[in-house]
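The following account goes through one part of a structure, element by element. Please keep the sequence and the model in view while reading.

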Amino acid sequence: MEKKITCLLPLSDNEAAQFTVRSLKDSGEVAKIVVVSRKGSGTDFSDTGVSVLESDGFTTTASLKKIADLVQTEFVLIYTKSFSLDLGKFALKRMVQVCENTSAGMVYSDYFENRNNQLSPYPVIDYQEGSLRDDFNFGSLMLYRSSAFKEACKSMNQEYVFAGLYDLRLKVSQKHSLVHIPEMLYTDIERDTRKSGEKQFDYVDPRNRAVQIEMEAACTDHLKKMKGWLKPEFKSISFNAEGFEYEASVIIPVKNRVKTIRDAIKSVLSQEAKFKFNLIVIDNYSSDGTTDLIKAFTKVDDRVVHIIPERKDLGIGGCWNEGVFHQKCGKFAIQLDSDDLYIDNTVISRVVDAFYNQKCAMVVGSYKMVNFNLDDLPPGLIDHKEWTPENGRNNALRINGLGAPRAFYTLVLRDIRVPNVSYGEDYAVGLAICRNYQIGRIYEPLYLCRRWEGNTDAALDVNRMNTHNLYKDRLRTIELLARKRLNIESENK
């Protein structure tokens, strides 16, 4: 039987490497195994029949091109972790079978996760056109069709240190499908035991800035090739609309946040401004005392508008629509989560000034991560420096969020409306707005984001994380298609 796979794996300790090599050889599908190690490592696997490729790892363009040159088999298998790989029975045969049957450029699968010696299923999600985020989880094992791999490497015209693998899969996806096999085909060891709420800010950690710059460049190049890139040209906007009693409204959707809503409301009412503003709290049928607490504020301050919606099927987005379409909503609608606090009493004024000075339809600020006692948490300031006037609207399709706090020109938001969901609703609106309008930025911190066990994203299981990621990928797909259409219409004018 012809062996169709060349397998590449990173350098690991001898015991892990020996286990992985045995697992690959026992599959009966692997013609050649290559360990990728840094120059001068002194690695020698000759006694196991394994060759060594000296390079700087899978993330570099140079390494991928070297791999493309040495591969003579029909398929390339890349294993990205340095821990032992435990293949399921007939796993590689199944991956080859699916790749052949679907003519895919790459296939990947679900897996079992070994976390602290506890084995559990770890499903991943389907790849779609809008799966542009660089942290998409393919698992640690990916089988490429060699022809697609070589073709992609040949088209690489920019040398990356960090974004090589990301650039590879984007280029493969331009001409080939990336197919998910919903079967547990191997076991992966997971050493990162942080909760979901602790991991979600890794991509905006300032220490990863050099990585993010490369990822943005790779994504921008991809969008240009896919006709989804937008020039930094925006619709003009003016703020001369009449009929607004208030210049600005802070909007807080809330449900069962008796522990935090008092502080959030006080931080709004303490704001100082030369214009009229109010606070609209949409109370989504709280049952823990939150409702009574909000009512107490309305009795002493007529700036507090307390809304209990008629409908009982509203998510956070639906509650936002209740506030935005309320007759007392101001010209600018400014976000504050019920868990969080404005950093000082100038926030509303600074946000409104940004609208007029930057002539934008949406403003995104920055925030500091703190615990419930307001002590700083890493990574500290989240300022989304990757959002630039020149390319922010394109890079928005790669990153998993646009930053906070967010504020909107109310007439634009009423035209777009907010999806009635409780996750990703802000991202959906931001993508739709920046398709046509400039988004303004404030890089200084405007609020304190309190992380505690009550946060809705503090500790999500894999199925909930997959649901969230699938939805945001779908938003990106919808937006990418809209932008392609916009470019076609512009070319045909």
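In this predicted model, strand β10 is largely enclosed by the rest of the structure, because seven of its seven residues are buried. Buried here means under 20% relative accessible area. The side chains of β10 point in two directions: A248, V250, I252 and V254 go one way, while S249, I251 and P253 go the other, and all of them are buried.

β10 has strand β11 as a parallel partner, with seven bridges between the two. Within this pairing, P253 of β10 is opposite I282 of β11. The connection from β10 to β11 passes through helix α8, and this β-α-β crossover is right-handed. β10 also pairs with β13, which spans residues 332-335; these two strands run parallel and are joined by four bridges. Here S249 has A333 of β13 as its bridge partner.

Helix α9, residues 290-300, can be described by its two sides. Its buried residues are T290, T291, L293, I294 and F297. They lie on the same side of α9 because the arc they cover around the axis is only 165°. What do these buried residues of α9 pack against? Their contacts are with strand β10 (248-254), helix α8 (261-269), strand β11 (277-283) and strand β12 (304-307). β10, α8 and β11, the elements of the right-handed crossover, are thus among the packing partners of the buried residues of α9. On the face turned away from the buried side, α9 carries the exposed residues D292, K299 and V300.

Key:
Residues numbered from 1 in each chain as written. Predicted model: local features only at pLDDT ≥ 70, side-chain atom pairs only at ≥ 80, totals over all residues. Heavy atoms only, no water. Buried < 20%, exposed > 50% of the residue type's maximum accessible area, 1.4 Å probe, protein only. Arc of directions from axis to C-beta. Contact = heavy atoms within 4.5 Å. Pairing = 2+ DSSP bridges. Right-handed = clockwise from strand over helix to strand, strands pointing away.
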